[in-house]
Every structure is written in structure tokens, then in C-alpha cells.
Amino acid sequence: MPETVTLQVTRYRPEIDAEPVFQEYQVPLHADWVVLDALNYIKDNVDGTLSYRWSCRMGICGSCGMTVNGEPKLTCATFLVDSAPGPIRVEPLGNFPVLRDLVIEMGDFMRKLPRVKPWIVRTDEKPLAEGEYRQTPEQMDEYKQFSMCINCMLCYAACPVYGLEPEFLGPAAIALAQRYNLDSRDGGAKERREVLSAHDGIWGCTFVGECTRVCPKNVDPAGAIQRYKLTAALEELKGFLMPWRAR
Amino acid sequence: MTRAHDVLLVGGGGAGLRAAIAIAESNPRLDIAVVSKVYPMRSHTVSAEGGAAGVIGRDDSLDEHAYDTISGGDWLSDQDAVEAFVKEAPEELLRLEHWGCPWSRERDGRIAVRAFGGMKKMRTWYAADKTGFHMLHTLFQTTLKYASIARYDEWFVTKLLVDDGRVQGAVAIELMSGRIEAIPAKAVILCTGGCGRVFPFTTNANIKNGDGMALAFRAGAPLKDMEFVQYHPTGLPFTGILITEAARSEGGYLLNKDGYRYLQDYDLGKPEPRPVLRSMELGPRDRLSQAFVKEQEKGRTLEGPYGPYVNLDLRHLGEKVINTKLPFVRELSLKYQNIDPVKEMIPVRPVVHYMMGGVHTDLNGATPLPGLYAAGEVACVSINGSNRLGSNSLPELLVFGARAGRAAADYASRQKDPGPAVLLQGVDEKRRLEHELLHRTDGRERVAPLRTEMQKTMEASAGIYRSGPALAQATDKLRQLRERLRAVALADHSRTFNTELTAALELSFMFDVAEAIAHSALNRQESRGAHQRTDFPARDDARFLAHSLVHRGADGSCRVEYLPVTITRWPPGERVYGR
């Protein structure tokens with residue numbers, strides 16, 4: 001195994017650079033180092049000006065998503081040796097404005113998320129003294145995988161529709177809406193319908209399936225969207241055939 | 001300046017978000033701001049794995065949870081705080097269920113509980129082994145429905161604003177733009193979590209730098225019980241990634257190099273094939289981490305590229321149990337250690353995990369400084385005493401997050417708006433940051449090497465076993481390093497997302513915390529819980545049944561005082577495990 005590997009890292013300092021450029025760094029190629037370890041090596045030993053986000057280094061906080069050799073990845077879970085002998089290209093996540101270097105601006109998702117009401121909606125709240133809302137493991141299985149989303153934005157970076165149609169709600173927000181719609185304790189499906197059924201809701205999706213492929217937590221946003229399309233189509237049909245039952 | 005708020009929360013993890021909801025629900029007219037240096041769902045609560053303790057079983061009782069907590073903390077816990085905690089923990093966990101947290105269930109749909117270290121009954125609620133992740137996302141998503149909660153995402157707090165003896169807001173840097181603003185508020189709640197990054201080998205995320213502890217300390221609030229640093233016995237050797245205690249509560253074994261369940265040699269009980277509560281692998285974390293060191297001294301650990309380790313064996317649990325109860329353990333082992341726990345043993349060693357100490361508060365999260373509150377790991381109430389039991393920290397941040405929120409809401413609704421002096425302090429702080437860091441070019445020192453030296457100093461002196469001479473040396477060394485910190489210069493002078501600037505500010509916070517730890521540890525001439533002195537190996541209730549309180553002098557020096565422990569119904573006794 002060679003002792004070092006070359007990283008080609010996007011640099012963009014808005015005060016200095018007119019447009020992003022690549023900068024090359026040599027880093028040690030250790031068998032147990034991930035791309036994030038290499039970035040930390042650069043930051044601490046070579047170039048203190050490189051900027052990127054990271055926190056937990058265990059694939060659960062969702063901070064360190066970047067494009068590695070063209071693929072959206074969590075850099076804390078992407079080993080250098082898998083791309084040896086390199087060079088390894090590290091860029092910010094696609095489809096987002098870049099603030100600086102590897103740091104993207106994800107305010108768009110943060111503004112879209114509340115629109116799908118990702119919280120439990122119930123008309124009658126029972127007092128705590130009456131205990132928990134019962135939910136069998138089978139009922140939990142209905143939504144559990146959608147609750148595993150870490151909001152890492154890899155699916156937005158991979159989604160060709162989001163790239164063209166920034167108004168599209170996007171995979172994670174729709175999956176999180178379904179996480180609540182499918183929860184036996186929730187009664188908010190009706191309130192979420194308008195946002196989800198709008199043209200920039202589920203119907204924006206052309207079922208490319210890239211979101212599901214790149215998800216590091218095995219969430220299936222594409223499946224969530226397809227399933228909701230069926231729900232929405234049935235609701236529409238019901239409204240047409242049985243107008244007294246709609247809304 | 002930004003607009004003024006009623007209550008400002010520093011930190012958007014479990015404690016901060018729970019506090020925010022408590023304020024919104026107790027008084028909908030109050031204007032709440034959550035200021036966090038990361039997006040709230042990135043907060044370190046997300047990494048908590050095993051579970052959250054709260055009595056629900058018919059065979060269980062609040063007194064038993066209280067006794068386990070108090071004996072687990074080697075009688076340094078305040079018993080009035082523990083009594084309030086165990087009583088409110090189940091209702092807080094239930095409230096989270098009502099908000100949608102996907103707690104693991106029994107077949108009939110009721111909440112399931114599991115065993116945990118140091119707990120005599122099964123009372124730990126769990127969401128597989130991603131409990132903190134599910135709690136945090138449930139809380140975050142629930143906050144989105146309250147219009148009165150404003151968020152300052154990716155704003156880094158550098159200083160608390162204190163005027164007329166009251167805390168009246170904070171100064172923060174918006175990372176995206178680099179602008180530095182005073183954010184006035186009638187009350188501030190610190191919910192910034194722990195400080196594991198003071199040590200080189202930790203389960204803690206990169207963001208755990210003791211920010212809130214240092215902010216409070218500098219503003220004049222004392223830090224309590226800072227010598228009590230928890231080592232978790234099972235971290236992955238290179239990364240420090242936590243392998244949850246739930247792996248042992250489901251039946252995992254800890255084995256030395258001879259394949260021997262060595263805990264039986266350390267007064268923790270006899271090995272049984274199935275897990276026994278408060279025994280062996282289900283002993284408390286301090287005792288298990290100490291046993292590792294003793295095992296190493298006997299030459300019975302294994303040696304790997306990152307030092308000594310022992311094996312955690314889950315193979316006998318089978319693939320089905322591992323996949324349903326411990327899916328994250330399998331995922332982490334496969335991804336980061338290239339080991340499948342279904343077929344292979346997991347190498348583990350003790351790793352810095354949790355800070356029992358923190359900002360001194362009362363039962364309602366109030367610090368001695370009017371207008372300043374704290375909750376969660378940043379605070380020390382204290383329920384954890386000298387050693388926290390696994391699965392007590394998640395309910396702690398709910399119970400005391402909610403309490404601090406309600407208390408701060410009540411306080412804020414009786415205060416006047418912050419005055420002009422507060423804004424002038426904001427201007428001063430802005431000037432300081434620009435002059436000392438952003439614009440400076442003449443410094444000789446760099447952030448990363450100083451941080452490494454500080455971390456090594458802490459590991460060498462304030463680890464699992466400590467001694468007076470090593471701690472005295474550490475306090476000297478830290479003072480020298482702090483002098484060098486004054487000469488730090490940044491290579492990065494950009495306003496936009498300057499992470500070298502935040503790293504320098506975090507390093508400065510960590511020095512305050514490190515010095516507080518070293519001084520408290522040096523002064524406590526006894527061994528209790530996670531604080532083990534080789535030169536004072538016994539517990540000394542006559543002198544030290546008391547909390548340490550570190551005060552900061554004007555020159556940055558540390559002064560240690562003591563405050564008696566509150567004893568209600570459980571007089572100090574012997575900690576007994578496995579017999």
C-alpha cells in the first residue's frame with residue numbers, strides 16, 4: 001500500500017475566489033482512516049483555513065456529508081483505502097449553494113421541513129396518567145425506517161429533480177411526513193395532504209430512486225414517495241366518486 | 001444587536017429543546033430563542049445509544065431507582081434532587097412517547113424496558129440502540145410547531161452579558177456571515193452539554209468543548225464536582241466510538257486475553273451465563289473502567305495498534321437478538337472496526353464519556369447568578385454524584401430541562417428589558433474578537449498543537465487513576481499552556497464560516513474546564529466513584545462528603561470550596577455489587 005494519497009479538495013473563499021478551485025493535499029494513507037480523518041489532518045497540520053462541518057464521527061449526527069469522487073457520502077464513513085491509490089476528489093454536496101469550501105447552505109430544507117408538520121397531530125390528547133399510546137412492533141414497523149432519517153442531505157444532493165426544481169419538497173421532507181402519516185398514534189395525514197399533494201410535493205418526483213440508493217441509513221424515501229402517490233391518487237378518486245367523504 | 005428575547009437558550013440538544021417546549025407551554029407569550037453552534041438535530045444527544053431510565057414496572061419502585069442512583073454515585077448525589085428526578089423521569093419519558101418517540105415495545109404494544117449497569121430492576125426505556133437519536137429528533141420536530149421558539153442555527157456564543165449582577169443575554173457569532181451580535185434576553189439557560197474533548201480519547205463529538213461551563217465560569221458562576229469524569233468501559237480503540245452498555249445488558253461478556261470474565265476478580269459478583277442485575281458486566285461504569293486498568297497492570301489485556309484492549313463478546317446472543325436489540329452496535333462494528341459481532345469479538349477499552357460535574361445549580365436549574373440557568377450535562381444539580389449510572393443522563397436532561405425552562409420562564413416574566421449597558425458590552429466583545437483573533441497576524445502559536453498538548457496533559461494526570469504529584473504538575477503545565485494560548489494566531493481571517501476561529505474559542509473554553517478539573521481533583525484527597533487517587537485510596541466521608549465548588553478569580557485562577565451533600569433518607573453506606 002502506498003504511504004500517502006492525494007486529496008483534491010474544493011476551495012471557495014467568497015472574499016477571495018471568484019469561483020471554486022481545487023487544492024491538492026498529500027495525506028497519510030492509514031487503513032483505518034476515513035475521508036474526514038484526512039480533512040482533520042489537513043486542518044490541524046497543513047492548512048488551518050480549510051472549512052467543513054463535522055461532529056459525531058459515528059454516522060448519526062448528519063453533519064459531514066460531502067461529494068467524494070462524485071458520490072454524496074458521509075465522510076466519517078468513507079474509507080480512504082476504498083479509493084486508493086487516488087487521487088480522491090472531495091467537493092461540497094451538489095444541488096446546494098456553497099457558503100465556503102466544503103460548507104453548503106441548507107436553509108432551504110430547514111424551511112421546508114416544518115411545512116410537512118413533522119410532529120404528532122391529535123385532536124384528543126389523553127392525560128399522561130393514562131399511560132402510553134399502545135403500539136405493537138408491527139405497527140412500529142410501518143414507519144420505523146422513515147424515522148431513521150438523519151437529515152444529512154445526501155438524498156437532496158443526489159436528487160436530479162431537486163437540482164432542476166428547487167421548489168420540490170425533496171426526499172427527506174416527504175419521508176419524514178410519511179414517518180408521521182404511518183404512525184398509528186398520529187391523526188395528521190389530512191393536514192399534511194395539501195402540501196404533499198401539491199405539484200412541488202410528491203408529484204415533482206419522477207422516481208429516479210437515487211435518494212434511496214445514497215441514503216446512509218437505509219431509509220427508502222423513493223418508496224415513501226411512491227407509496228404516498230398511491231394514497232393521494234386514491235384520495236382524489238374518493239373525492240371524485242364520493243364528494244361527501246372528501247375533507 | 002438582534003431583537004431582544006425573553007429567554008435565550010444556549011444549546012439545542014435534548015435539554016435545550018425540552019426547556020424551550022416547557023417555556024412555550026408554561027407561557028405562550030414569552031419570546032424564546034434557541035442559539036446553537038450546530039443545527040439542533042446535530043447536537044450530541046443524537047449519539048446516546050442505550051436508553052433512558054424511568055420506573056414503570058410493577059415490581060419496581062421510585063425508592064429503588066433512587067437507591068441505585070445514590071449508591072452508584074458513591075453517596076455524592078444530593079438526595080432531594082435524586083428524589084425529584086426519579087419521580088419525574090417516568091412522566092417525562094411518557095410525554096416523549098405522546099410526542100411520537102418510537103420507544104421499543106412489548107408484543108402487546110406497551111413500552112419495553114431493558115436492564116442497565118448498576119440498576120437493580122429493569123427500568124431502562126429504549127429505542128433499539130439509537131435512543132438519543134430518536135429522542136433528539138422527536139424533540140426537535142416537536143419544537144417546530146411552536147411559533148414562539150425562534151432559532152439561531154449555527155450561531156456560536158462567545159460570552160454572557162452580565163449587567164447589574166444579572167445575566168441579560170449573550171454575544172454570538174453567526175457562522176455563515178461572521179457578524180458578531182449581542183442577543184439581549186431577560187434570562188439565559190445553558191444547555192451546551194459536556195466537555196469530553198478536553199481529553200484525547202473520548203466518545204464525545206467534536207463540538208463537546210465545555211462551552212457553557214466556561215461561559216458560566218467566566219460570568220461568575222461556580223463549577224461543581226469537576227473532578228468526576230466518567231470513563232465508559234467499552235469504546236472502540238481507534239475512534240473512541242461508544243459500544244453501548246446495552247450490549248452487556250442483553251448478555252455480552254467482557255473477556256481478557258485468556259478469554260476469562262475478569263470482572264469476577266474485582267468484587268463484582270460471580271459469572272453467570274445470563275446477565276444478573278447489579279453484577280459483573282452490569283456493574284457501574286467507574287468500577288468496570290478501574291478493573292480494566294488493574295487487568296492491564298497484571299498483563300492480562302490484549303495489545304493492539306492503539307494500545308491495550310479487552311474483548312466484548314456478543315456471539316452467543318445470536319444474530320436475531322443483535323439485529324433487533326443492538327442494530328447500531330452491529331452497524332458501527334462493521335463499518336468502523338470491520339468486525340461482525342455476530343461472528344467475532346469486539347475490541348474495547350475505557351474511553352472518556354461523560355462529565356458528572358458542571359455548572360452549580362439548584363433543583364430548578366438556577367445558578368447562583370441571577371438570570372442564569374443550566375440543564376443537562378453542562379449542569380451539576382447533582383443527581384449523578386461521583387459516578388453516573390448508564391441511562392440516567394437522558395431522563396436527566398428531560399426532567400431538569402423542563403424544570404429549568406419553567407423556572408426561567410417564571411423569572412423572565414418578572415424582569416424588565418435589558419438595558420443599554422448590555423449592548424455596550426456586546427460592542428466591547430466584538431472589538432475583542434476582532435482584535436485578539438480575527439485580525440491578528442503576529443502570534444507564534446497554532447490551535448491544534450496546543451490542543452493536543454492540553455489533552456495529553458489531562459490524560460496523563462486526570463485519567464482513571466490520579467495522584468497528587470501528577471495533578472500538581474498538570475496544573476503547572478496547564479498554566480504554561482494557557483500563556484502560550486495568548487500568542488495564538490489564525491491563518492484564517494475570513495468572516496465566512498471560519499472554523500479556525502471557533503476552534504480557537506473552543507480551545508480557550510477547554511482550558512478553563514481543564515484547569516477546573518485538575519484543581520478540583522488535586523484538592524479532593526480521597527477516592528470516590530470516578531475519582532480515584534492512588535495516594536488517597538479510601539473514601540473519606542469525614543472530610544469529603546461534600547461537593548467541590550470551583551470559583552474563578554479575576555486573574556483566571558481557581559479557588560476550591562466545599563458544599564455539604566444533601567442526605568434525606570439514605571445514609572452513606574458501602575457500595576455493593578454482585579453479592
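This report walks through the build of chain B, one of its helices, and its contact with chain A, all in a predicted model.

## Chain B as a whole

Let's start with the overall build. Chain B has 15 helices and 22 strands. With a radius of gyration of 23 Å against the 25 Å that the globule rule gives for 579 residues, chain B is as compact as a globular protein of that length. Its C-alpha atoms fit in a box of roughly 65 × 55 × 50 Å along the principal axes.

Burial and contacts add to that picture. In chain B, 63% of the 579 residues count as buried. Take the contacts in chain B with a separation of 6 or more: 75% of them link residues 24 or more positions apart.

## Helix α5, mostly under cover

Zooming in, helix α5 of chain B runs over residues 211–219, and 8 of its 9 residues are buried. The buried stretch takes in B:Asp211, B:Gly212, B:Met213, B:Ala214, B:Leu215, B:Ala216 and B:Phe217, and B:Ala219 is buried as well.

Right after α5(B) comes B:Gly220, and this glycine takes a positive phi of about 115°.

## Where chain A meets chain B

Now for the partner chain. On the A side, 44 residues are in contact with 46 residues of chain B. Three elements of chain A each supply at least two residues to the side touching chain B: α1 (35–46), β6 (98–100) and α3 (137–143).

As for chemistry, that side of chain A divides into 20 nonpolar, 13 polar and 11 charged residues.

Technical notes:
Residues are numbered from 1 along each chain as its sequence is written. Chains are lettered from A and ligands numbered from 1 in the order in which they are written. This is a predicted model: local features need pLDDT of at least 70, side-chain atom pairs count only at pLDDT 80 or more; totals for chains, interfaces and linings use all residues. Helices (H or I, at least four residues) and strands (E, at least two) are DSSP runs, numbered from the N terminus. The radius of gyration is taken over C-alpha atoms; the globule rule is 2.2 Å times the number of residues to the power 0.38. A residue is buried if 20 or more other C-beta atoms lie within 10 Å of its own, exposed if 12 or fewer, and partly exposed in between; C-beta atoms are placed from the backbone. Two residues are in contact if their C-beta atoms, placed from the backbone, lie within 7 Å. Ala, Val, Leu, Ile, Met, Phe, Trp, Tyr, Cys and Pro count as nonpolar, Asp, Glu, Lys and Arg as charged, and the others, Gly among them, as polar.
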